[in-house]
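Reader: I have a new model open on my screen and I'd like to get my bearings. Please take me through it piece by piece.

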Amino acid sequence: MDEIPGHSEAESTAKALALRLRRVAHRLETELRRELAAFGIELWELELLATLKRAGPPYRLSAGALLDSMRVTSGGVTKRVAGLERRGWVRRETDPADRRQILVGLTDTGLRRVREVLGTKTGTETRLLSALSPATQQRLNDDLRRLLVSLEGAAD
C-alpha cells in the first residue's frame with residue numbers, strides 16, 4: 001500500500017482501513033434501507049423487533065436490556081418502543097416479578113412481522129458480502145469482533 005505523505009505505513013493502513021469500513025457500513029445500510037422500504041419498515045424497527053425475537057419465547061426484555069443491546073440512550077429506546085407500540089408490534093407491561101421494571105414484548109403481529117421481513121434482511125446481507133468467501137467472512141467477523149471488544153468492552 002502506498003503511504004500517505006506525512007504518515008507512517010501503519011498510519012496510512014489504519015486510515016485506509018477506517019475509510020473502507022465506513023464505506024462498507026454505509027453501503028450495507030443504504031441497501032438494507034432500500035430493501036426494507038418495500039415492506040414499510042425501517043431498519044431500526046426491524047433491529048428492535050429482531051432483538052426481542054432473539055430473546056426467545058416469550059419474546060420479552062426489560063427496557064434496560066434493550067438499552068444495552070441497542071446502544072442508544074434511554075430516551076431513544078423509549079421513543080422507539082413507543083413507535084412500535086403504536087404500530088401494534090410491541091407492548092409494554094410491568095414485570096410481575098419486579099413491579100418497578102417495564103418489560104417490552106413482541107405482540108403476535110410483531111412476531112409475524114419480524115419473521116416476514118428478517119429473511120429479506122439476511123438475504124440482502126448475504127448477497128452484499130458474497131464477494132468474500134465463507135472462510136474470509138468468518139476471519140473478518142472474528143477480527144472485527146476482537147476490534148469491537150477492544151473499543152466497547154466485552155458483551156455481558
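Reader: Which residue follows α2, and what is its phi?

Author: This is a predicted model, where local features need pLDDT of at least 70, side-chain atom pairs count only at pLDDT 80 or more, and totals for chains, interfaces and linings use all residues. Residues are numbered from 1 along each chain as its sequence is written, and side-chain values use heavy atoms, leaving out hydrogens and water. After α2 (helices are DSSP runs of H or I, at least four residues, numbered from the N terminus) you hit a residue with a positive phi. That's G56, with phi near 80°.

Reader: How far apart are the end C-alpha atoms of helix α2?

Author: Helix α2 covers residues 43–54, twelve in total. The expected span is 1.5 Å times one less than the number of residues. For α2 that gives 16 Å, which agrees with the distance between its end C-alpha atoms, 16 Å.

Reader: Which residues of α2 are buried?

Author: Buried here means under 20% relative accessible area, with a 1.4 Å probe and protein chains only. Across the chain's 156 residues, 27% make that cut. In α2 they are L43, E45, L46, L48, L49, A50, T51 and L52.

Reader: Which residue in β3 does V90 stand opposite?

Author: Strands are DSSP runs of E, at least two residues, and two of them pair if DSSP finds at least two bridges. β2 (residues 90–95) and β3 (residues 98–106) run antiparallel and are joined by six bridges. They form a hairpin with two residues between them. Opposite V90, in β3, is L106.

Reader: What is the radius of gyration of the chain?

Author: The chain has six helices and three strands, in the order α-α-β-α-α-β-β-α-α. For 156 residues the globule rule (2.2 Å times the number of residues to the power 0.38, with the radius taken over C-alpha atoms) gives 15 Å. The chain is well over that, so it is more spread out than a compact globule, with a radius of gyration of 19 Å.

Reader: Which element gives the largest share of the lining of the largest pocket?

Author: A pocket is an open set of points on a 1 Å grid where a 1.4 Å probe fits, with protein on both sides within 12 Å along at least five of seven lines, and lining residues have an atom within 4 Å of a point. The largest one is lined by 39 residues, with A25, L28, N141, L144 and L148 nearest its centre. Two or more lining residues come from each of α1 (9–37), α2, α3 (63–70), α5 (108–128) and α6 (134–152). The largest share, ten residues, comes from α1.

Terms used: Buried < 20%, exposed > 50% of the residue type's maximum accessible area, 1.4 Å probe, protein only.
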